[in-house]
Amino acid sequence: MIKNRKKRYGIRQQVLLIALIPLVVMTLILAGYFVSTRIADNKSALIERGETMSRLLAQASEFGLISEMTHQLSALSQGPIQEADVADVIFINRDKRVLYRSNHFTLMPDLKPQPSHQTDDAVWLFTTPVTTQGIIVGDSPETGSAQIERELLGWVVVAMSTAPMHNRENQIITNSLLILLGGLIGTFIIAARFAETLTKPIINLTGVVKRLEEGHLDARVDTQSYAELGSLEKGVNLLGEQVQSSNQILESQVEKATERLRKTLHHLKNQNIALQKARQRADQANIAKDQFLARMSHELRTPLTSVLGFTNMLRQTDLSFEQQEHCRIINQTSTMLLSLIDDILDFAKLQSDAIKLERIQFNPEQIIFEALEMQSQSAAAKGLELAYQVDESAYTDVLGDPTRLRQIATNLISNAIKFTDKGQILVTLRTLKENHDQKQLQLCVKDTGIGISEEQQTLLFNAFAQADSSITRRFGGSGLGLVIVQKLVQLMQGSVELSSTLQTGTNICCSFTVKTDHKLLQTIAIKPQKTELIIFDRHPESLNSISNMANPLVSQLRAYATIQDLETTLSGIEGHSARLIFGLSANTDIANQQKLKITEIFASFKGSILLLTPALASNTDEFSHLIGNAQLTINSKPLHRETLKKWLFQTPINNRLLRTENSTGRPLTDTVILIAEDNDFNRLLLRKMIEAAGATVFEARDGEQAIKRISEIKPDIVIMDVHMPRMDGIRATRTVRERFPNLPIIALTADVISSEEHALRQAGVTRIEYKPINDTRLINLLTMLCGKENQKAEDVTSLSDEAVANTNLSKYQMSKEDLHQELTTQTEGLQQAFKQNNIKSIRDHSHQLIGLAGLFELPELENCSIDLNDAAKAGNTRKVWEILSRLQRLIAHQQYLD
């Protein structure tokens, strides 16, 4: 508040205040002192006058009081009563009786033996006692010194009026105020003059400074003062000149800088235009890359499908050993090429952040086992022992992306098998840490392969790079496996650690984070069987893995790594109470030695036997002599925990479970599936394919009809084509998801590009299947989604296996005439769309032709259809007309069958 007042008052007002305040205070103090002194003197004078008058009248009234002569007392009072301030004179005898008074008004005198006075508001009473004075006779010293006794005769009371005194006091105050006012006025005039003389130069300086602040740099002060103020005026003028000069220099510099900035902005504008064009070119390049990846996926997968399909058909015929070996090499190299294509596509998706992690319920141990099972035959072919160990805390279901975890495990295990010639591969899964809503797991793959030097380890996580060039020549591969693993692990909020020693082996560990949910079904504790279990396996890691799985399930367990120890133990066992697990070595030489002992050991043992064999299809015939043993169960390595439980608790597990046995079961029995496909031919093929697996099939021709049929029949699974008239598959899926959030939806598309895949996943599809349709993979996927994995056919390959089985017309009971009729219908639709210049319709028909050509392995028709689709996308009408003419000739003369 004080600061605000200072800001409100100028320097002139402040100087006036500084000069006036002390003077006014001193004047007020002196005036107050003067007035109070005069008033006090006036009162003292009245008191002194009243006491004097009362004393004199007392001396003169002695005789009158003695004689009580009132006329004499009246004569005494005539003189004083004439005074203006004397109000009354009263004479009172010793009996306190009034003998005489000059006026008549009420008084209450206080009669005391000594003189006194009473001060009231209007009248002051002065009372003096009257005593005898006595007569001195003679001048004798004795007589003169004697004390004369005085006698009280009465009292004299003088009443003094205070009105004259108050009048004099008022006059004193009035005069004092007039003098004070005159002094104040004179002081103000002098102070104002002095303040003006002092502040005028300062005010002039302030005005000049304000004008300088406003930008009037030519403002100057008139130098009129001396001493300090004169120096200040000269300083302000000098400062103004310097500021004006500096401002002129600055304006010149600013103009130059502005000109440079204008040129720079013009240059930046040109650069931005160039960058925008470059970005457009980059976007076009990305689009072209996506289109290239989609086309290459079709172009490369179609011939590979034929190669793999016909190779499998050849291997099922009577071939010589040399021919079988040639087929094996063709199958192996084709599979490697297909894996290379998948790695490149996955790497491209990871580079463009097109892969989004799912969050679904799965069991980590089951995923690791599936990855091991897929690679088990490759490991067995090289004589490698494949084992896995899982911590008890990693058994329970979690929320995450099982597909990406399976991809990580498959890459690591396949690398370990590729670079290991002898020994074993151990896969472990353990829990690093866990809290209330998530846990961190660690997957480790340890091999006894060639190892990697420290210098070479720095290259492992670079794209298209391996430890050295000789590895690419010896083992093949794209050099993308570990790069893909690292990027997937980073997406899962984890890290990759690698330790390796040359000629000793490699251990690579991937930590990743998954979500936990207490609502998920937890592992139910199983009461151990009161039985003795004997386990034999020559390899310590496999023996330890089986023992860890079996230990909580049995009351007594014994594990052996040598045949001699096993035979010694079995010789002392009688009856059927014990059970035996015999692990056959993956090493061919060791396995041949063990096979010589198997018949004898199994014949002498009376209990149940579980024989674990390497995953080699060629070994099944040599166990045919053991099939007659009712207590024998044959299973391939590695052993799954659930299989072990079923065997121990005598649950049917498909006795003698061999990987090469075929089953003619119908895994989709009692399953209702809706097919939404606008192409009649594709819809018929899908129907026959799925009905062959035992499912009940309903059909829809577009997205709107699919939504209506879903509401009516409540299917278990929906197969939704992406490109359909009226309402496409993406919009239909989005609508279905609002009403049926848990309904499995499989999207069918021939476009392997990230933008469409992202749109499908945003819409809520469960899985995406790419055309041409792989019937084996599709049936396997349908079986998994409807929860009937235990009923699926034994010849169904893993979902992660990308090898495409051969499909043909006879397989689906389709004739060449049916196919030709469908292609003719599509051609007529293309001609009608071209006449109407309907680009969307041309793309739809070409898309359907691509799917048909890929399904029935008609590469020339597929290439022509893809070219037509690309030309329609580009809006090149002339090229569309040329390709359409070529397509008409191709279909009219049935050249696509050549």
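1. Let's start with a little cluster of charges: Arg683, Arg687, Glu691 and Glu699 are linked in a network of salt bridges. Keep in mind that this is a predicted model. In total, the structure holds 21 salt bridges.

2. One pair to look up is Glu370 and Arg406, whose closest N and O atoms sit 2.7 Å apart. Glu370 belongs to helix H9 and Arg406 to helix H10, so their salt bridge ties together parts that are 36 residues apart in sequence. Arg406 counts as buried at 12% relative accessibility, while Glu370 is partly exposed at 22%.

3. Strands get a salt bridge too: Glu532 pairs with Arg558, with 2.0 Å between the closest N and O atoms. Glu532 is in strand S13 and Arg558 in strand S14, 26 residues apart.

4. Now try Arg726 and Asp702, a salt bridge with its closest N and O atoms 3.4 Å apart. Both residues lie in loops, and the pair ties together parts that are 24 residues apart in sequence. Arg726 is exposed, at 62% relative accessible area, whereas Asp702 is buried, at 7%.

5. Have a look at helix H6, which runs over residues 163-213 and reaches 69 Å from its first C-alpha to its last, close to the expected 75 Å. H6 bends by about 40° at Thr199, with Pro201 following within four residues. After the helix comes Gly215, which has a positive phi near 105°.

6. Finally, the surface: Leu17, Ile21, Val25, Met26 and Ile29 make a nonpolar patch of about 450 Å². Ile29 is in helix H2. The protein chain as a whole exposes about 48,400 Å², and carbon and sulfur atoms supply 53% of that.

Key
Residues are numbered from 1 along each chain as its sequence is written. This is a predicted model: local features need pLDDT of at least 70, side-chain atom pairs count only at pLDDT 80 or more; totals for chains, interfaces and linings use all residues. Side-chain values use heavy atoms; hydrogens and water are left out. Helices (H or I, at least four residues) and strands (E, at least two) are DSSP runs, numbered from the N terminus. The expected span of a helix is 1.5 Å times one less than its number of residues. The bend at a residue is the angle between axes fitted to the seven residues ending there and the seven starting there. Patches are made of residues with over 30% relative accessible area and no salt bridge: like charges are joined within 9 Å, nonpolar side chains (Val, Leu, Ile, Met, Phe, Trp, Tyr) within 5 Å. Accessible areas come from the Shrake-Rupley method with a 1.4 Å probe; for residues, only the protein chains shown count as cover. A salt bridge is a side-chain nitrogen of Lys or Arg within 4 Å of a carboxyl oxygen of Asp or Glu. Buried means under 20% relative accessible area, exposed over 50%, partly exposed in between (1.4 Å probe, protein chains only).
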